[in-house]
Amino acid sequence: MATDPVAVCQADSVFEHRLWLAAVPGPVPEAEARVYWNLKDLPTPNLDGALRNADYVYVGSWQDSHLARSPQSGRCPGVRIFDWLFYRGTIDRYQAPLLDARLRDELIGLYQPRPGDLPAESADADVITTFLTAHLGRHLLPEEEPPPIPPSP
């Protein structure tokens, strides 16, 4: 029985998710935050400008195998950070969550390795802690990557 090499290749392919945290200087209008969190392809001029001017830190990456149909505590730090920001950004109202000391401490706690975590690329915890502390008072959004840096004139 012959095996279709394209089907094998597709079955072995794994989608990798990457997470960066964007610290934007001000709140995001609720209508634009709704577009952002619902992955709609609608204009968000304020948010687009805020993301271009945000500071970024790389958190880590994970694969589809880290995502479960039912939430689990043991997947990987990046998934826990993303899930918590999504929760904080969509519950009660759509927003870019304000990074205060409480959210910083929650994120640092979520970033700690746990028994049962699957292997995943993660940034150094001290880098994440330093970034969060330096950006208290800003608003956080998860991004797949920072915007491209425009070429110098």
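Helices and strands are here taken as DSSP runs, numbered from the N terminus, with at least four residues for a helix and at least two for a strand. Read in this way, the elements of the chain run α-β-α-α-β-α-α-α-β from the N terminus on, which amounts to six helices and three strands.

The model is a predicted one, and a word on confidence should come before any detail. The pLDDT averages 84 over the chain, and 80% of the residues score at least 70. Residues 1-13, however, have a pLDDT below 50, and beyond near neighbours in sequence this stretch has one contact in the model. Where pLDDT is low, the predicted coordinates should not be read in detail.

Turning to the fold as a whole, buried residues make up 39% of the 153 residues in the chain. Among contacts between residues at least 6 apart in sequence, 80% join residues that are at least 24 apart.

The interior can be approached through the largest nonpolar core, which has 37 residues, and in which L21, I81, L85, L107, L132, L140 and L141 have the most contacts inside the core. Two or more residues each are given to this core by β1, α2, α3, β2, α4, α5 (101-111), α6 (125-134) and β3, with β1 giving the most, at six residues. L21 shows how such a residue is surrounded: leaving aside its neighbours within four places in sequence, L21 is in contact with D55, Y56, V57, V59, I81, L85, F131, L132, L140 and L141.

Helix α3, which spans residues 45-52, offers a second view of the interior, its buried residues being L47, G49, A50 and L51. What covers these buried residues includes the strands β1 (16-24), β2 (55-63) and β3 (139-143), together with the helix α2 (30-37).

From the core one may pass to the open space in the model. The largest pocket holds about 700 Å³ of space and is lined by 25 residues, of which Y36, L39, F82, P142 and E144 lie nearest its centre. The elements that give two or more residues to this lining are β1, α2, α3, α4 (77-90) and β3. By class, the lining of the largest pocket consists of 15 nonpolar, eight charged and two polar residues.

Notes:
Residues are numbered from 1 along each chain as its sequence is written. This is a predicted model: local features need pLDDT of at least 70, side-chain atom pairs count only at pLDDT 80 or more; totals for chains, interfaces and linings use all residues. Side-chain values use heavy atoms; hydrogens and water are left out. Buried means under 20% relative accessible area, exposed over 50%, partly exposed in between (1.4 Å probe, protein chains only). Contact means heavy atoms within 4.5 Å. On a 1 Å grid over the protein atoms alone, a cavity is a set of points where a 1.4 Å probe fits but cannot get out, and a pocket is an open set with protein on both sides within 12 Å along at least five of seven lines; lining residues have an atom within 4 Å of a point. Grid points are joined across faces, edges and corners, and a volume is the space filled by probe spheres set on the points. Ala, Val, Leu, Ile, Met, Phe, Trp, Tyr, Cys and Pro count as nonpolar, Asp, Glu, Lys and Arg as charged, and the others, Gly among them, as polar. A nonpolar core is a set of buried Ala, Val, Leu, Ile, Met, Phe, Trp, Tyr and Cys residues joined through side-chain atoms within 4.5 Å. pLDDT is the predictor's confidence in each residue, from 0 to 100.
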